[in-house]
Amino acid sequence: MTDATELRCPSCRSPLEDGDRFCEQCGARLMGEEPSRSGCRVCGAPSEAIDVDGFCAVCGARERTADDRVELDLVSAAAVSDRGRVHRRNEDAFHLERLGGSGVAVVVCDGISSASAGDVAARTAASAAGRILVRALEARTQDGSAAVLEGVKAARDSVERVPWTTRIDRGMPSCTLVCALCRGGEITVGSVGDSRVYWIDSDGVRQLTVDDSWAEEQVADGALTVEQARADPRSHSITHWIGADAPERPPRITALHAGRRGWLLLCTDGLWNYLAGAGELGALIDALPAGASAAAVARALVDTAVLRGGRDNITTAVIEINPS
């Protein structure tokens, strides 16, 4: 799981993350070593094209370091979170725990880039919701939908307490959230925003969540076709999120009874933006060696998004579900 850092800006005391060179809130330059002077690994530009913050002046990509990826491998469940090629830091977060042979609690959050402290909001929300779902696994008797609702509420309450500095061009700390409570073949999924959950088995790939987005609502209302909505600049504008300024509405909840072996996949839009559709997701997984582990699936999907551009942070959690 990923957790919040205690580092703070010496100028304004806003939360910081390891590797930050500037404070997101006040813009203060932070102490630290300058990036290496190797050339751009994306477009091949010479070392002279890399600026002091590690960005390529030709293509805009940032140099990658060993700290750019976080992985957690629990054998039958795994998660990978990658900064991608462009963003200064990773504003995604996850919480993944396994209990016994078939109990799994998982949360994936994506900090909203236009918000203040989006990375802290994501980590805080993932941790808060994760604790509730793990407690439900331990209790064994709590209804899955009730646990998800309680987890989302805990996430929102925790994000509302995230400290932040008011700036005209930045919103309140906020993030998207998807989560799942898995008890053998019984799966309960909750979602707020445009991160997604997929179910993949021998019958194909099925998206279990519905994006809280402008495009999705236009199509649902019959105002636009899918093609028209996707072509609109507002298509990725989300209409629900975790944060103090979020609209008052419950999360979307879906229950699934898995009758056969399959994969449950949770991901941020940094992954699915690079997929033409659910069919391509299935094809990527089918191309892996037979018996690939959850960690191998998660790494392959994240690597694909990085290779295809990595314009956003990328996080995916993969859980192997085997009811037998």
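## A buried isoleucine

Isoleucine 187 has a relative accessibility of 2%, and because buried means under 20%, it lands on the buried side. Keep in mind that this is a predicted model. The residue belongs to strand β6, which covers residues 186-192.

What does isoleucine 187 touch, leaving out residues up to four places away in sequence? Its contacts are Leu181, Cys182, Trp199, Thr254, Ala255, Leu256, Ala258, Leu264 and Ile321. Take leucine 264 from that set: 77 residues separate it from isoleucine 187 along the chain, yet their C-alpha atoms sit 9.1 Å apart.

## Strand β12 and its partners

One of those contacts, Ile321, brings us to strand β12, which runs over residues 314-321. This strand is mostly covered, with 7 of its 8 residues buried.

Which strands pair with β12? One is β2 (residues 77-82), antiparallel to β12 over 6 bridges. Another is β11 (residues 262-267), also antiparallel, again with 6 bridges. Alanine 317 in β12 is a handy place to look: alanine 79 stands opposite it, and so does leucine 266. As a reminder for anyone tracing side chains here, they alternate between the two faces of the sheet in a regular strand.

## Helix α1

Helix α1 takes in residues 118-139, 22 residues in total. At 1.5 Å a residue it should span 32 Å, and the C-alpha atoms at its ends are indeed 32 Å apart, so the length agrees with expectation.

Is α1 enclosed or open? Of its 22 residues, 18 are buried, so the rest of the structure largely encloses it. Just after the helix comes arginine 140, with a positive phi near 70°.

## Charges over rings

Two arginines sit over tryptophan rings. The charged end of arginine 196 is over the ring of tryptophan 272, at 3.5 Å from the centre. Arginine 261 lies over the face of tryptophan 263, with a distance of 5.1 Å to the ring centre. As for aromatic pairs, the count is 0.

## The whole chain

Zooming out, the chain has 324 residues, and 52% of them count as buried. Its secondary structure adds up to 7 helices and 12 strands.

How much of the contact network is long-range in sequence terms? Among contacts with a separation of 6 or more, 63% join residues 24 or more positions apart. The accessible surface is about 14700 Å², and carbon and sulfur atoms make up 51% of that.

Technical notes: Residues are numbered from 1 along each chain as its sequence is written. This is a predicted model: local features need pLDDT of at least 70, side-chain atom pairs count only at pLDDT 80 or more; totals for chains, interfaces and linings use all residues. Side-chain values use heavy atoms; hydrogens and water are left out. Rings of Phe, Tyr and Trp (its six-membered ring) pair if their centres lie within 6.5 Å; planes under 30 degrees apart count as stacked, over 60 as edge-to-face and the rest as tilted. A charge sits over a ring if NZ of Lys or CZ of Arg is within 6 Å of the ring centre and within 35 degrees of the ring normal. Helices (H or I, at least four residues) and strands (E, at least two) are DSSP runs, numbered from the N terminus. Buried means under 20% relative accessible area, exposed over 50%, partly exposed in between (1.4 Å probe, protein chains only). Contact means heavy atoms within 4.5 Å. Accessible areas come from the Shrake-Rupley method with a 1.4 Å probe; for residues, only the protein chains shown count as cover. The expected span of a helix is 1.5 Å times one less than its number of residues. Two strands pair if DSSP finds at least two bridges between them.
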